[in-house]
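This note is written for a colleague who is meeting the structure for the first time. Please read the numbered points with the sequence and the model at hand.

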Amino acid sequence: MSKEMIKVNDLSVAFGKQPVFQNLNVTINQGEFLAVVGMNGAGKTTLIRTILGQLKPKHGTIITDSDLKIGYVPQFRNIDSDYPLSVSDFIGLNFTGLKWPWMSKTEKQRIQEVIAEVGLSKIANRPLGKASGGEKQKTYLAQALVDRPNLLILDESTASLDPNTKEELLKVVKKINQEQHLTVIFVSHDMELVTQYPDHYLWLQPDASTSGPINELAAQMKEGIVNV
Ligand SMILES: Nc1ncnc2c1ncn2[C@@H]1O[C@H](COP(=O)(O)OP(=O)(O)OP(=O)(O)O)[C@@H](O)[C@H]1O
Ligand SMILES: [Mg+2]
């Protein structure tokens with residue numbers, strides 16, 4: 001049996017008296033590529049923030065593996081046009097201990113490696129503020145990956161990307177998922193991507209969330225049941 005990375009037990013989260021979702025149960029195993037879908041406001045980002053420990057559950061628990069190391073790309077990030085750090089220095093910020101700019105040779109090599117992996121080599125020295133939206137997204141992904149997490153969380157990270165760039169990014173993620181057993185949580189409204197790359201799904205709904213192998217979701221989509 002695979003190792004359980006995250007076990008969500010009977011979880012309810014609310015803001016004040018307003019519940020977001022209730023009685024959620026889901027297990028995420030090591031190496032799983034989980035799509036999290038649901039309408040706007042269903043609580044996808046809220047669930048992620050609860051897993052990260054930024055929000056307290058109203059009820060229930062989240063049990064995480066003791067070796068869990070998370071790389072996280074949040075849904076929104078403000079990088080304005082005069083942001084001074086270069087793409088590669090920004091990626092390097094994620095090394096634990098914030099040693100920048102005094103990084104070790106190994107760390108510098110790792111930054112170069114991840115830059116090549118996500119396809120940013122041509123603009124590695126450009127200030128991040130001057131990068132395009134898609135280039136910024138690739139940079140955020142590279143930053144989340146640079147310190148070799150075993151769980152990658154992507155919250156709508158492909159939303160503003162053109163179709164080719166979306167595929168490119170997901171292919172990079174899938175490759176690491178398959179070759180290094182990286183566990184992935186992919187929050188998205190893009191059903192084409194969701195049915196192509198992930199192997200499991202969680203469909204967040206107010207009281208009756210469902211989860212299972214991805215082909216179940218694809219079948220429900222064909223029947224027109226899923227509308228997210
Ligand atoms: N800090 C907060 N205080 C009060 N309500 C909040 C807070 N954060 C989120 N909510 C509410 O909780 C609900 C779930 O929000 P959440 O951001 O998790 O949705 P989501 O599924 O990620 O939606 P989207 O697809 O639009 O990103 C929404 O109704 C939102 O307004
Ligand atoms: Mg969200």
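1. Aromatic pairs. The model is a predicted one, and a search of the whole structure finds three aromatic pairs. One of them joins Phe 33 and Phe 186, whose ring centres lie 6.3 Å apart. Their planes stand at 90 degrees, and the pair is therefore edge-to-face, since angles over 60 degrees fall in that class.

2. Where the Phe 33 and Phe 186 pair sits. The two residues belong to distant parts of the chain, 153 residues apart. Phe 33 is in strand β3 (residues 33-37), while Phe 186 is in strand β7 (residues 183-187). Phe 33 has a relative accessibility of 0% and so counts as buried. Phe 186 likewise counts as buried, at 0% relative accessibility.

3. A tilted pair. The rings of Phe 90 and Tyr 140 have their centres 5.9 Å apart. Because their planes meet at 55 degrees, the pair is classed as tilted. This contact also links distant parts of the chain: Phe 90 lies in helix α2 (residues 87-92) and Tyr 140 in helix α4, 50 residues apart. Phe 90 is buried, with 4% relative accessibility, and Tyr 140 is buried as well, with a relative accessible area of 5%.

4. The surroundings of Tyr 140. Which residues do ring pairs link into a cluster with Tyr 140? They are Tyr 83 and Phe 90. In addition, Arg 77 lies over the face of Tyr 140, at 4.7 Å from the ring centre. Arg 77 and Tyr 140 are also both among the residues that line the largest pocket.

5. The largest pocket. Its volume is about 200 Å³. Besides Arg 77 and Tyr 140, the lining includes Pro 74, Gln 75, Phe 76 and Ile 79. Gly 133, Lys 136, Gln 137, Glu 156, Ala 159 and Ser 160 belong to the lining too. By class, the lining has five nonpolar, four polar and three charged residues.

6. The magnesium ion. Gln 75, one of the residues of the pocket lining, also takes part in a metal site. The magnesium ion (ligand 2) is coordinated by OG1 of Thr 45 and OE1 of Gln 75, at 2.1 to 2.3 Å. These two residues come from distant parts of the chain, 30 residues apart. Thr 45 is in helix α1 (residues 44-51), and Gln 75 is in the loop between β5 (70-73) and α2. Are the two residues buried or partly exposed? Thr 45 is partly exposed, with a relative accessible area of 25%, and Gln 75 counts as partly exposed at 27% relative accessibility.

7. The enclosed space. Rolling a probe the size of a water molecule over the atoms shows where empty space is left. How many cavities of 30 Å³ or more does the structure hold? It holds one, and about 50 Å³ of space lies in the largest cavity.

8. The cavity lining. The largest cavity is lined by Val 73, Gln 137, Leu 141, Leu 154, Ser 157, Thr 158, Leu 169, Leu 170 and Val 173. Helices α4 (133-146) and α5 (163-180) each supply at least two of these residues. The largest share, three residues, comes from α5. The lining divides into six nonpolar and three polar residues, with no charged ones. Gln 137 appears in this lining and in that of the largest pocket.

Notes
Residues numbered from 1 in each chain as written. Chains lettered and ligands numbered in written order. Predicted model: local features only at pLDDT ≥ 70, side-chain atom pairs only at ≥ 80, totals over all residues. Heavy atoms only, no water. 1 Å grid on protein atoms, 1.4 Å probe; cavity = no way out; pocket = protein on both sides within 12 Å on 5 of 7 lines; lining within 4 Å. Points joined across faces, edges and corners; volume = space filled by probe spheres on them. Helix = DSSP H or I, 4+ residues; strand = E, 2+ residues; numbered from the N terminus. Nonpolar A, V, L, I, M, F, W, Y, C, P; charged D, E, K, R; others polar. Phe/Tyr/Trp six-rings, centres within 6.5 Å; stacked < 30°, edge-to-face > 60°. Buried < 20%, exposed > 50% of the residue type's maximum accessible area, 1.4 Å probe, protein only. Lys NZ or Arg CZ within 6 Å of the ring centre and 35° of its normal. Donors = N, O, S within 2.8 Å, 3.2 Å for Na, K, Ca; no water.
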